[in-house]
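Me: I would like to learn how to read the empty spaces and the helix packing in a model like this one. Please take me through them one feature at a time.

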Amino acid sequence: MNGDLVVQRPEGLYCPPGDFYIDPWRPVARAVITHAHSDHARYGMGHYLAAAPSEGVLRSRLGDIALQTLAYGERLRHHGVTVSLHPAGHVLGSAQVRLEHEGRVWVASGDYKVAPDPTCAPFEPVRCDVFITESTFGLPIYRWCPDDELFADINAWWARNIEHGRASVLACYSFGKAQRALAGVDPSIGPIIVHGAVQPLNAAYRAAGVALPETRMVTEVKDRADLRRCLVVCPPSAAASPWMRRFGDAQVAFASGWMQVRGNRRRGGYDRGFVLSDHADWPGLLQAITATGAQRVIVTHGSSAVLVRYLREHGLQAEAFETEYGDDVVEADLQAGQEEAA
């Protein structure tokens with residue numbers, strides 16, 4: 001619509017009066033970044049603006065960038081647009097972008113979840129006229145169980161594997177999901193080993209004040225017996241690589257929201273699947289949208305058509321934006337398989 005505060009451009013989501021982009025996927029002069037996942041924070045921008053808690057992770061992933069940070073709730077006025085960043089509850093430093101211009105308020109959510117998570121600030125509903133929401137798990141089948149039940153299952157699986165003298169390998173995204181898994185497991189069960197892709201992100205989390213259990217790299221293991229009773233946290237790509245050979249006859253599980261769908265664990269070739277997501281489930285999406293009070297909702301990546309239809313049926317003005325956002329490759333492959341089967 002004419003006068004919209006956020007529009008689609010080939011480079012990404014653009015704010016015309018402010019002359020900046022939100023999570024652009026092509027190089028631009030000014031980018032506001034919701035969080036440091038690689039589909040939202042890409043290299044090559046002239047200037048980055050992000051929430052202060054994300055600085056360590058952003059610099060770990062993007063290197064030496066021109067980065068300006070804002071505390072949550074702090075306001076910045078740029079070309080007449082007041083910008084502020086508010087917790088999204090997705091991963092460390094994740095933020096919703098609030099834009100105010102000439103009496104109108106828009107909020108771009110980035111990725112978010114409303115469930116509690118000890119590794120990041122909790123989701124904060126922000127009142128607005130227009131809400132841009134993700135819909136990664138925008139189908140009614142996606143409903144997460146409480147964390148205490150989930151981690152009781154993971155801990156029991158790990159303990160059973162120790163009884164059988166084998167390692168427990170938990171494959172999950174290196175940034176966000178890995179740290180949430182580490183914060184939730186019981187470190188008294190056995191030693192915890194992490195892949196080289198996970199360790200620097202753990203350091204960034206600890207530097208930001210997030211409590212994580214002690215973790216070691218496999219090269220730091222002195223007692224070979226530890227390799228048969230450890231929990232290994234690694235990216236999915238490592239679980240299918242020669243790196244795994246040192247753990248012998250390990251049990252391999254995948255932690256992802258896509259494990260909610262029967263058949264995805266088998267399709268990925270995993271021994272176990274644990275439903276662990278850093279995105280909102282279906283009830284969480286509806287809860288977040290309602291809390292904004294927005295009468296117009298723009299839906300991005302995921303099951304956008306389903307969510308748009310549902311919102312229209314419930315009296316909201318809803319539409320979708322085409323974006324280039326999405327999860328890591330393994331999770332995207334699982335989503336594609338699920339959509340083909342639907």
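Reply: We shall sort residues into classes, where Ala, Val, Leu, Ile, Met, Phe, Trp, Tyr, Cys and Pro count as nonpolar, Asp, Glu, Lys and Arg as charged, and the others, Gly among them, as polar. This is a predicted model, in which local features need pLDDT of at least 70 and side-chain atom pairs count only at pLDDT 80 or more, while totals for chains, interfaces and linings use all residues. Residues are numbered from 1 along each chain as its sequence is written, and side-chain values use heavy atoms, with hydrogens and water left out.

Me: How many cavities of 30 Å³ or more does the structure hold?

Reply: Rolling a probe the size of a water molecule over the atoms shows where empty space is left. A cavity is a set of points on a 1 Å grid, over the protein atoms alone, where a 1.4 Å probe fits but cannot get out, and its lining residues have an atom within 4 Å of a point. Here there are 2 cavities of 30 Å³ or more, and the largest has a volume (the space filled by probe spheres set on the points) of about 70 Å³. Its lining has 14 residues, of which Leu13, Ala108, Gly110, Ile132 and Tyr325 are the closest to the centre. By class, the lining of the largest cavity divides into 5 nonpolar, 7 polar and 2 charged residues.

Me: At what angle do H1 and H4 pack?

Reply: Two packed helices are described by the angle between their axes and the distance between the axes. Helices are DSSP runs of H or I with at least four residues, numbered from the N terminus, and axes are lines fitted to C-alpha atoms over the stretch in contact, with angles from 0 to 180 degrees between N-to-C directions. Helix H1 (residues 55-62) packs on helix H4 (residues 199-207) at about 155°, with the axes 8 Å apart. H1 is therefore roughly antiparallel to H4, a word kept for angles over 145 degrees. Their contact (heavy atoms within 4.5 Å) joins Gly56, Val57, Ser60 and Arg61 of H1 to Pro200, Leu201, Ala204 and Tyr205 of H4.

Me: Which residues make the contact of H7 with H8?

Reply: The axes of helix H7 (residues 282-292) and helix H8 (residues 304-313) come within 12 Å and cross at roughly 50°. The contact is formed by Trp282, Leu286 and Ile289 of H7 together with Val306, Leu307, Tyr310 and Leu311 of H8, and by class it has 7 nonpolar, no polar and no charged residues.

Note on methods
Helices (H or I, at least four residues) and strands (E, at least two) are DSSP runs, numbered from the N terminus. Angles under 35 degrees count as roughly parallel, over 145 as roughly antiparallel, 65 to 115 as roughly perpendicular and the rest as oblique. On a 1 Å grid over the protein atoms alone, a cavity is a set of points where a 1.4 Å probe fits but cannot get out, and a pocket is an open set with protein on both sides within 12 Å along at least five of seven lines; lining residues have an atom within 4 Å of a point.
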